[in-house]
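Reader: I have a model open on my screen and would like some help reading it. Could we go through a few of its features together?

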Amino acid sequence: MKITYGGHATFLIETKGKKLLFDPFISGAGMLDLEQFPQLSPEAISADYILVSHGHMDHVGDVEAIGKRTGARLISNFEIVSWFENKGLSGHPMNHGGQWSFDFGQAKYVNAVHSSVLPDGTYGGNPGGFVVSNDEGTFYFAGDTALTMDMQLLPLTCPPLDFAILPIGDNFTMGYQDAIIASDWIKCDRIIGCHYDTFGYIKIDHAAAQKAFADKGKELILIPVGETIEL
Ligand code: NI
Ligand code: MN
């Protein structure tokens with residue numbers, strides 16, 4: 001799987017020949033150097049699916065524009081998909097605990113502890129995350145969440161995780177210390193960090209965070225914004 005970081009909580013993951021774009025908020029985050037990575041701009045990025053964890057602006061900011069331009073299919077909870085369908089996007093509604101087989105593999109919408117409202121104040125349903133799995137591997141995209149006991153359900157209900165994308169910025173979500181506990185509970189020692197450095201409230205010390213993971217025999221990958229890794 002090829003994993004490209006667009007900044008904040010935006011990831012483009014290529015698997016089984018499909019492009020899965022998670023929580024696109026590229027222009028608003030202002031973390032991406034658009035001169036260096038013009039192909040990742042909201043006007044140019046390509047996607048087959050857009051997966052949205054919850055309704056907050058810093059996760060849906062570029063959904064409408066990218067969805068309309070690319071025709072990508074939106075995958076999120078019922079409330080968020082309905083809201084975007086009214087704007088002309090096509091979507092696949094899910095809700096917590098449910099799983100569906102797509103042409104890129106299985107996606108399961110799982111619990112998150114956070115809040116969720118759409119930019120115009122419309123109720124966004126409960127926030128969630130995704131577990132995506134196919135014969136290339138399995139990963140968990142947690143979305144914005146606190147550390148929650150529900151994470152212990154993942155090893156019981158999903159294939160073993162090859163990597164997980166967890167928020168580590170603290171204040172609005174769990175911080176990296178809690179993310180270390182999360183990685184124990186989800187039984188995955190290879191973590192990609194997100195939701196850090198975007199705003200003053202969530203700036204973190206990269207070296208301290210990575211050392212804290214390493215001290216527990218775990219890996220915290222902080223992908224430079226715009227860059228791609230292969231796992
Ligand atoms: Ni949020
Ligand atoms: Mn957020």
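Author: Happily! Keep in mind that this is a predicted model. Let's begin with a helix pair: Y176, Q177, A179 and I180 of helix 5 touch A208, A209, A212 and F213 of helix 6.

Reader: What kinds of residues make up the contact of helix 5 with helix 6, nonpolar, polar or charged?

Author: The contact has 7 nonpolar residues and 1 polar one, with no charged residues.

Reader: And how do I describe the way two helices pack?

Author: In general, two packed helices are described by the angle between their axes and the distance between the axes. Here, the axes of helix 5 (residues 176-185) and helix 6 (residues 206-215) come within 10 Å and cross at roughly 30 degrees. Angles under 35 degrees count as roughly parallel, so helix 5 and helix 6 are roughly parallel to each other. Their crossing is right-handed.

Reader: Now to the metals. Which residues coordinate the manganese ion (ligand 2)?

Author: Its donors are D58 (OD), H59 (NE2), D144 (OD) and H195 (NE2), at 2.1 to 2.2 Å. Along the sequence, the spacing of these donor residues reads D-H-x84-D-x50-H.

Reader: What do D58 and D144 tie together?

Author: D58 sits in helix 1 (residues 57-60), while D144 is in the loop between strand 10 (137-141) and helix 4 (154-157), so the pair ties together parts that are 86 residues apart in sequence.

Reader: Are D58 and D144 buried or exposed?

Author: Both D58 and D144 are buried.

Reader: How far apart are the manganese ion (ligand 2) and the nickel ion (ligand 1), and which residue coordinates both?

Author: The two ions are 3.1 Å apart, and D144 coordinates both.

Methods: Residues numbered from 1 in each chain as written. Chains lettered and ligands numbered in written order. Predicted model: local features only at pLDDT ≥ 70, side-chain atom pairs only at ≥ 80, totals over all residues. Heavy atoms only, no water. Donors = N, O, S within 2.8 Å, 3.2 Å for Na, K, Ca; no water. Helix = DSSP H or I, 4+ residues; strand = E, 2+ residues; numbered from the N terminus. Buried < 20%, exposed > 50% of the residue type's maximum accessible area, 1.4 Å probe, protein only. Axes fitted to C-alpha atoms, helices over the stretch in contact; angles between N-to-C directions. Parallel < 35°, antiparallel > 145°, perpendicular 65-115°, else oblique. Left-handed = near helix turned anticlockwise from the far one by under 90°. Contact = heavy atoms within 4.5 Å. Nonpolar A, V, L, I, M, F, W, Y, C, P; charged D, E, K, R; others polar.
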